[in-house]
Amino acid sequence: MITGDQSLTACHVASQVNICSKPVLILTRMKTSGFEWVSPDETDRAPYRAEEVKELSESHDLCISGDCFEMLQRTEAVLQVIPHVKVFARVAPEQKELVLTTFKTVGRVTLMCGDGTNDVGALKQAHVGIALLNAEPAQKADSKSQSSKLDSKSGKLKKPKPANESSSQLVPPASSSTKASSSRPLTAAEKQREKLQKMLDEMKEEGDGRAPVVQLGDASMASPFTAKHASVAPTLDIIRQGRSTLVTTLQMFKILGLNCLATAYVLSVMYLDGVKLGDVQATISGVFTAAFFLFISHARPLQALSAERPHPNIFCAYVFLSILGQFAMHLFFLMSAVNEAAKYMPEECIEPDSEFHPNLVNTVSYMVNMMIQVATFAVNYMGHPFNQSISENKPFKYALYAAVAFFTVITSDMFRDLNDYMKLEPLPEGMRGKLMLWAMLMFCGCYGWERFLRWQFPGKMPAWEKRQKQAVANQDKKQA
């Protein structure tokens, strides 16, 4: 928390919103000279030493005020103290910027929320800046408008009861009888008139019934994100969407890498053996691939944030090992299936540049390629704890079911006319069972390898403490 309030106020608010969960110590200037750590009730005291701040922060939540920054800069203890502080009170705008630059120097990932001109410097320095506008939250505005509508509807529905009194009783008399009229109860017509007058006054205050126009300030110009009202709730939305985007990008690169490796083998090594794909086969394969890519990006982030973290970059051991392991299984499955099909083929010399002619090897290679594509999308889909699972992403689930059903039909040769249209040769009886069994083993092997790597290489918190030591050492070298 970075605030302009007094230290005691800031520490109390921080404890109320669970920023501070341990006993609080405030860095205070001593009457004689120097500084010391003092608890808010002044019952606990500890001497200030810059090298002991890290150890002290493990048992206490620390707070410093703006008048301590000058001392920290003078003693060059900014990098040792600021990264371990939870609450900053009575802070000037340039000191807010110093806090953010210090966090970035020691390797921390920063997100800053601010609502004024004095937060512009810190918002620019943060990795993620969120400007908060001093507008009314949407939920409250909607509830007010709904309540006013209900009141107006109820007012229209309520009809004044017919009164037997004369019309002079409905209109309050002149000043001679003001005391009598104020003491008597209001009639239904008078209550209705007062209610309408209140509604008109409220509409005038809100700007003739129109929604208030939100004015963008300097904080909005300095921030990549702007919240519509003064609440830090959009922070969670940004983290959820950011994690979902990172996970989706990672799985897209893995799927593209595996598909490209399999396609490269088919178009290079197997092409020399005369293996090709027909036009209808390539079209159906492309339709399924396009549908998978479309629906895999349809997954929405989960509402609950997980303690697990996604992998921050693509070039890591997890991604490389996952791609290499799965490609090895795909390649073994593809070569085994093609070699098995070659046993049933007559020995003939097939020219690589000749036209496509359906044969058993072409048929088996097409079926195996499509099984590999379906397994690649299903295995590398990253659902929980960041995105919806396959069962929750219904379009992608139905596309997988359709692909599995389609390839089961063409492999089992249930509809001969469909296979003839796709120029697929009938498989020998013994080979159908082998192909389905090998496909299941390939899928289970890839799935187990992927889950093992996710367990072995989880996403980790950036190790900022090592970088902090390096920054302090570099600072000492410059001084020397």
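**Pockets, cavities and a surface patch**

Okay, let me start with helix α18: with nine residues, α18 gives the most to the lining of the second largest pocket. Before I go on, keep in mind that this is a predicted model.

So, how big is that pocket? The volume of the second largest pocket comes out at about 940 Å³. There are 39 residues lining the second largest pocket, and the closest to its centre are A378, I390, F443, Y447 and R451. If you've got the structure open, click on those five and you'll be looking at the right place.

Now, which helices supply at least two residues each of that lining? You'll find α12, which covers 234-272, then α15 at 360-380, α16 at 394-412, and our friend α18 at 429-456. As for what kind of residues these are, the lining of the second largest pocket splits into 27 nonpolar, seven polar and five charged.

Right, on to the enclosed spaces. How many cavities of 30 Å³ or more turn up in a search of the whole structure? Two.

Let's take the largest cavity. It holds about 60 Å³ of space. Around the largest cavity you have R240, R243 and S244, then P301, L302, A304, L305 and S306, and finally P385 and F386. Sorted by type, the lining of the largest cavity has six nonpolar residues, two polar and two charged.

The second largest cavity has about 30 Å³ in it. Its lining is made of A262, Y265, F327, H330, L331, L334 and I372. Two helices, α12 and α14, the latter running over 317-342, each supply at least two of the residues lining the second largest cavity. Which one gives the most? That's α14, with four residues. And there are no charged residues in the lining of the second largest cavity: six are nonpolar and one is polar.

You may have noticed α12 coming up twice: α12 is on the list for the second largest pocket, and on the list for the second largest cavity too.

Last stop, the outside. There's a nonpolar surface patch of about 290 Å², made by L111, L236, I239 and L305. We've just met L305, by the way, in the lining of the largest cavity. As for L111, you'll find that residue in strand β6, residues 111-114. Why can L111 be part of a surface patch? Well, patches are made of residues with over 30% relative accessible area, and L111 is partly exposed, with a relative accessible area of 34%, so L111 clears that cut-off.

That's my tour, thanks for listening.

Methods. Residues are numbered from 1 along each chain as its sequence is written. This is a predicted model: local features need pLDDT of at least 70, side-chain atom pairs count only at pLDDT 80 or more; totals for chains, interfaces and linings use all residues. Side-chain values use heavy atoms; hydrogens and water are left out. Patches are made of residues with over 30% relative accessible area and no salt bridge: like charges are joined within 9 Å, nonpolar side chains (Val, Leu, Ile, Met, Phe, Trp, Tyr) within 5 Å. Accessible areas come from the Shrake-Rupley method with a 1.4 Å probe; for residues, only the protein chains shown count as cover. A salt bridge is a side-chain nitrogen of Lys or Arg within 4 Å of a carboxyl oxygen of Asp or Glu. Buried means under 20% relative accessible area, exposed over 50%, partly exposed in between (1.4 Å probe, protein chains only). On a 1 Å grid over the protein atoms alone, a cavity is a set of points where a 1.4 Å probe fits but cannot get out, and a pocket is an open set with protein on both sides within 12 Å along at least five of seven lines; lining residues have an atom within 4 Å of a point. Grid points are joined across faces, edges and corners, and a volume is the space filled by probe spheres set on the points. Ala, Val, Leu, Ile, Met, Phe, Trp, Tyr, Cys and Pro count as nonpolar, Asp, Glu, Lys and Arg as charged, and the others, Gly among them, as polar.
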